[in-house]
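Reader: I am in my first year and would like a close look at a single part of this structure. Could you take me carefully through how the helices there are arranged against one another?

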Amino acid sequence: MRIVLAIGILVLATASFAPGASSSTPADPIVSRLSSLNGNAFDVAFLQARIPVDDEAIEMAMTATLYGDHTELLRWNQAEVERKNGQIRKMIAWLQEAGARPAERKAGVATPAVKKLRTLRGPALERAYLSLMAAQLDRAATLSRLAEKKAHRDALRSFAKEDVRIEAQDSTTLRGWMKKWF
């Protein structure tokens with residue numbers, strides 16, 4: 001129970017991060033905390049930290065879909081929302097198997113990033129969104145890189161390995177669109 005509470009506090013403390021900030025810095029308290037865990041405790045803490053990251057990414061993508069202009073981005077957003085929702089279902093099932101629950105959910109929550117995006121339209125929205133979402137993908141990849149090495153479950157290590165590949169590829173795509181469009 002203390003681990004769940006500690007991870008919840010850490011997630012809340014790091015919920016807002018600056019766009020473009022490196023998520024791989026040792027100063028990230030979630031990464032530091034996860035690095036100190038092993039076995040099932042690591043798996044549970046990782047899943048509890050990762051679910052809110054994906055929830056927020058979904059909210060950001062849905063906002064950008066409402067107010068964005070580029071067709072490629074709108075199609076990417078739809079695929080991203082579907083992929084992230086599938087990941088969340090899988091991660092919640094793993095938590096349940098471990099006798100745990102998500103520590104925090106951000107589904108339907110207007111986080112500071114989502115609030116910022118809701119005030120923008122067209123090119124201004126897309127510029128902000130591409131930057132925020134690329135940073136979000138980088139953060140997710142950082143967490144998954146750690147899980148790739150430390151996860152107790154083979155299935156979670158496999159999930160993390162594939163996730164690192166996809167998140168890095170998607171981050172590169174978004175940054176490429178930023179350069180191409182703006």
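**Helices 4, 6 and 7**

Author: Helix 6 passes helix 7 in a left-handed crossing, where left-handed means that the near helix is turned anticlockwise from the far one by less than a right angle, and right-handed that it is turned clockwise. Helices here are DSSP runs of H or I with at least four residues, numbered from the N terminus. This is a predicted model, in which local features need pLDDT of at least 70 and side-chain atom pairs count only at pLDDT 80 or more, while totals for chains, interfaces and linings use all residues. Residues are numbered from 1 along each chain as its sequence is written, and side-chain values use heavy atoms, with hydrogens and water left out.

Helix 6 covers residues 122-150 and helix 7 residues 154-181, and they pack at an angle of about 160 degrees with their axes 8 Å apart; the axes are lines fitted to C-alpha atoms over the stretch in contact, and the angles run from 0 to 180 degrees between N-to-C directions. That makes helix 6 roughly antiparallel to helix 7, since angles over 145 degrees count as roughly antiparallel, under 35 as roughly parallel, 65 to 115 as roughly perpendicular and the rest as oblique. The contact of helix 6 with helix 7 has 14 nonpolar, three polar and 11 charged residues, with Ala, Val, Leu, Ile, Met, Phe, Trp, Tyr, Cys and Pro counted as nonpolar, Asp, Glu, Lys and Arg as charged, and the others, Gly among them, as polar.

Helix 4 (residues 71-97) meets both of these helices. Its axis comes within 13 Å of that of helix 6, at roughly 30 degrees, and therefore helix 4 and helix 6 are roughly parallel to each other. Their contact (heavy atoms within 4.5 Å) includes Leu73, Trp76 and Asn77 of helix 4 and Tyr129, Leu130 and Met133 of helix 6; by class, the contact residues are seven nonpolar, one polar and four charged.

Towards helix 7, the axis of helix 4 also comes within 13 Å, but crosses at roughly 160 degrees, so helix 4 and helix 7 are roughly antiparallel to each other. This crossing is left-handed, and among the residues in contact are Met91 and Trp94 of helix 4 and Leu174, Trp177 and Trp181 of helix 7.

Trp177 and Trp181 also form a stacked aromatic pair, 5.1 Å centre to centre with 10 degrees between the planes; rings of Phe, Tyr and Trp (its six-membered ring) pair if their centres lie within 6.5 Å, and planes under 30 degrees apart count as stacked, over 60 as edge-to-face and the rest as tilted. Because they are four residues apart in helix 7, Trp177 and Trp181 are separated by about one helical turn.

As for confidence, pLDDT (the predictor's confidence in each residue, from 0 to 100) is highest in helix 7, at a mean of 98.

Note on methods: Helix = DSSP H or I, 4+ residues; strand = E, 2+ residues; numbered from the N terminus.
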